[in-house]
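Q: I would like a close look at a single part of this model, with the cut-offs behind each term stated as you go.
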Amino acid sequence: MLRYSLDASKNGTVRIGRGEPLPLGLHDCHDGTNLAVFSRHATQMALLLYESVDAPAPCMKVDLEPDHHRTGDVWHVRLHGDLRGMLYALQAEGPGEPDRGHRFQPDRPLLEPYAASVAGTGWSLSTTSPSDPAARTHRCAVTDHWFDWQDEVRPRHSWSETIIYETHVRGLTVHPSSEAVHPGQFLGVVEKIPYFKRLGATAVELMPVQAFDPDARRRRDPLTGAAMPDYWGYDPVALFAPMPGYAAGSSPNAAVTEFKTMVRELHKAGIEVILDVVFNHTAEGGETGQTYSFRGLDNAIYYILSPDRSRYLDFTGCGNTLNCNHPVVRSMIIDCLRHWVVHMHVDGFRFDLASILGRDTDGRILANPPLLEQIAEDPLLRDVKLIAEAWDSAGAFQVGRFPGTGWAEWNCHYRDDIRRFWRGDPGMAGRFATRLCGSADLYQQGGNGSPIKSINFVTCHDGFTLNDLVSYATKHNEANGEDNQDGMSENYSDNNGVEGPTEDPGVEAMRLRQIRNMLASLLLSRGVPMLLGGDEFRRTQGGNNNAYCQDNETSWHDWTRADRHKDLVGFVSDLIALRKAHPVLSADRFYTPGEIAWLGPNDGPVNWDGPDNQVGCIVRENGSGALCLLFNAARAPCRFVIPPAPAIWQVAVDTAAPAAKASAVASGELMLEGRTTMVLVSSGVAS
């Protein structure tokens with residue numbers, strides 16, 4: 001039943017109807033546009049319509065009367081008329097009683113939680129972004145899901161075929177050296193597709209693209225006083241919407257269209273898209289934080305609160321924790337994941353601080369979290385890649401035992417053991433071999449597990465780059481303004497004799513060799529390798545291991561380094577090609593005793609716990625082929641005895657060599673230089 005009509009000056013008459021309570025969010029329907037919003041404790045809800053992103057006031061306010069526009073806990077309204085190009089926000093009235101968990105702010109415009117597109121001011125990471133909260137406008141954009149996908153087909157790579165390249169949308173191309181037409185934007189990622197293909201990556205994992213407010217924390221550079229934005233984006237404000245600051249176009253829906261264009265073109269190139277998603281907290285922070293959406297709509301439902309209801313329980317280190325296993329919030333998360341898969345065509349997700357998703361409404365770790373099971377068993381999500389960061393900031397650590405099925409995990413044990421092996425820490429040969437073979441200690445699980453549950457990485461966005469790992473003994477985060485107290489203190493790094501940049505050719509040669517050693521280890525290991533973007537050309541952050549607020553050359557990809565270190569780029573490309581050419585290296589099962597035989601130095605057994613990290617193995621392939629993998633992390637050379645092969649051994653990898661070179665090696669004695677990896681390949685039948 002239509003109750004009244006109001007005039008919207010830009011779009012003519014908009015008539016108002018009761019609407020329907022499902023589905024939640026803003027949706028086209030056969031006779032108009034339906035909006036449905038959850039709020040159990042609101043006493044009044046209003047819809048605000050705006051003609052433009054910079055309009056100082058709404059052109060229409062629609063008060064939703066409970067008798068006509070509420071069903072249960074859902075407020076709803078039907079709009080009849082042309083809403084194209086318009087923006088909207090919500091206002092919710094309710095008790096302002098923090099001691100009962102209620103923090104309604106009746107005059108505050110709020111983002112609608114299911115909004116698929118957001119616009120306004122204050123989304124840009126550039127220095128021109130207004131830092132005064134009063135100067136910013138955050139509004140939802142009326143959008144639809146139509147897009148010309150051009151009959152695109154998702155690549156659907158198996159886990160065993162997957163090579164992940166982790167990168168940041170802005171940081172990838174914003175540096176002038178990228179020569180991108182669309183620097184720092186979704187379309188800039190498209191411009192790097194030929195590079196991804198040459199390198200051999202099969203998936204890009206994008207740091208957060210869910211819309212976030214770069215100025216939410218209002219931090220200042222300790223030296224210059226300039227605003228320091230949330231560059232990484234781990235403080236979302238709109239979970240369903242792509243980041244407007246990553247769009248080239250100025251229309252309210254540009255980010256949606258350009259994100260879809262990016263996905264479509266990556267898929268055409270056979271490259272999957274994995275999103276780093278944040279469902280554990282929001283930018284609304286603690287008791288003194290800003291209100292964007294959830295706090296003003298129903299704080300007592302959306303967040304985990306203290307027993308006295310006046311404070312937030314913070315398991316994230318960011319001021320609040322989403323109440324992920326409340327049925328309403330759980331449904332929102334499922335709907336959000338479905339949205340990114342169905343409407344935006346993404347191929348998988350990496351869940352930030354995923355252990356939060358396993359806490360109950362009081363913050364306790366659940367044995368069988370319903371949300372994690374629901375994600376893994378959802379009929380629309382079952383065939384997407386699910387990756388857990390299997391810990392949180394309040395002591396939960398579930399690596400190797402993350403609940404549920406179908407989940408892969410960031411394997412921090414892999415990171416630490418590979419670093420410590422090559423640094424020369426005593427007794428690491430056994431741990432190194434375990435990681436090389438797929439981390440059976442974590443993922444074999446009584447014979448039913450698989451190494452593809454392990455996302456192997458030596459470096460990621462959180463910590464040192466690979467160049468800095470071999471160039472700095474300690475972190476250098478002074479520019480973050482936290483007295484160098486932030487970031488990991490134990491990095492298992494080694495500066496190789498000089499802290500930071502050096503012109504010493506000997507130090508530089510050893511650093512390069514160590515980089516090659518760790519890259520070789522990564523791409524020779526069973527499990528799923530993840531490469532931090534820029535490691536293949538020695539991207540540096542100047543020793544900063546927590547560059548979350550550094551939207552500058554500290555974080556950006558300087559593509560002149562790709563030219564300067566083109567041999568290293570080629571080395572990584574060759575390693576990826578070697579991995580693809582020898583599927584035994586990436587098989588989705590653990591090695592059997594018949595597939596692998598271990599070699600110790602001097603024709604003896606491996607000293608698994610000894611002071612020198614020296615280990616080799618023969619890996620047998622299907623048919624008559626074999627690989628010989630040799631690793632010497634000690635500074636001194638060591639002697640290996642190579643058994644006979646079906647055909648002559650060919651050197652495929654030698655990290656001590658300045659450049660790749662093919663050569664033959666006869667069976668028998670081989671001296672392996674210190675801090676060196678060598679891979680020998682034998683195929684065919686001996687003559």
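At the start of helix 9, which backbone nitrogen does a side-chain oxygen of Asn411 reach to within 3.1 Å of?

A: It is the backbone nitrogen of His413 that a side-chain oxygen of Asn411 approaches to within 3.1 Å at the start of helix 9. The model is predicted, so local features need pLDDT of at least 70 and side-chain atom pairs count only at pLDDT 80 or more, while totals for chains, interfaces and linings use all residues. Residues are numbered from 1 along each chain as its sequence is written, and side-chain values use heavy atoms, with hydrogens and water left out.

Helix 9 (a DSSP run of H or I with at least four residues, numbered from the N terminus) covers residues 412-423, and because its expected span is 1.5 Å times one less than its number of residues, its twelve residues should span 16 Å, which agrees with the 17 Å between its end C-alpha atoms. Nine of these twelve residues are buried (under 20% relative accessible area, with a 1.4 Å probe and protein chains only), leaving the helix mostly covered. The buried set includes charged side chains, among them Arg415, Asp416, Asp417 and Arg419, as well as Tyr414, Ile418, Phe421 and Trp422. Just after helix 9, Gly424 adopts a positive phi of about 95°.

Elsewhere, Asp486, in the loop between helix 12 (466-469) and helix 13 (505-524), is also buried but has no salt bridge (a side-chain nitrogen of Lys or Arg within 4 Å of a carboxyl oxygen of Asp or Glu), Lys475, the nearest side chain of opposite charge, being 5.7 Å away.

Terms used. Helices (H or I, at least four residues) and strands (E, at least two) are DSSP runs, numbered from the N terminus. Buried means under 20% relative accessible area, exposed over 50%, partly exposed in between (1.4 Å probe, protein chains only). A polar contact is a pair of N or O atoms within 3.5 Å; within protein, one must be able to donate a hydrogen and the other to accept it, and residues adjacent in sequence count only if both atoms are side-chain atoms.
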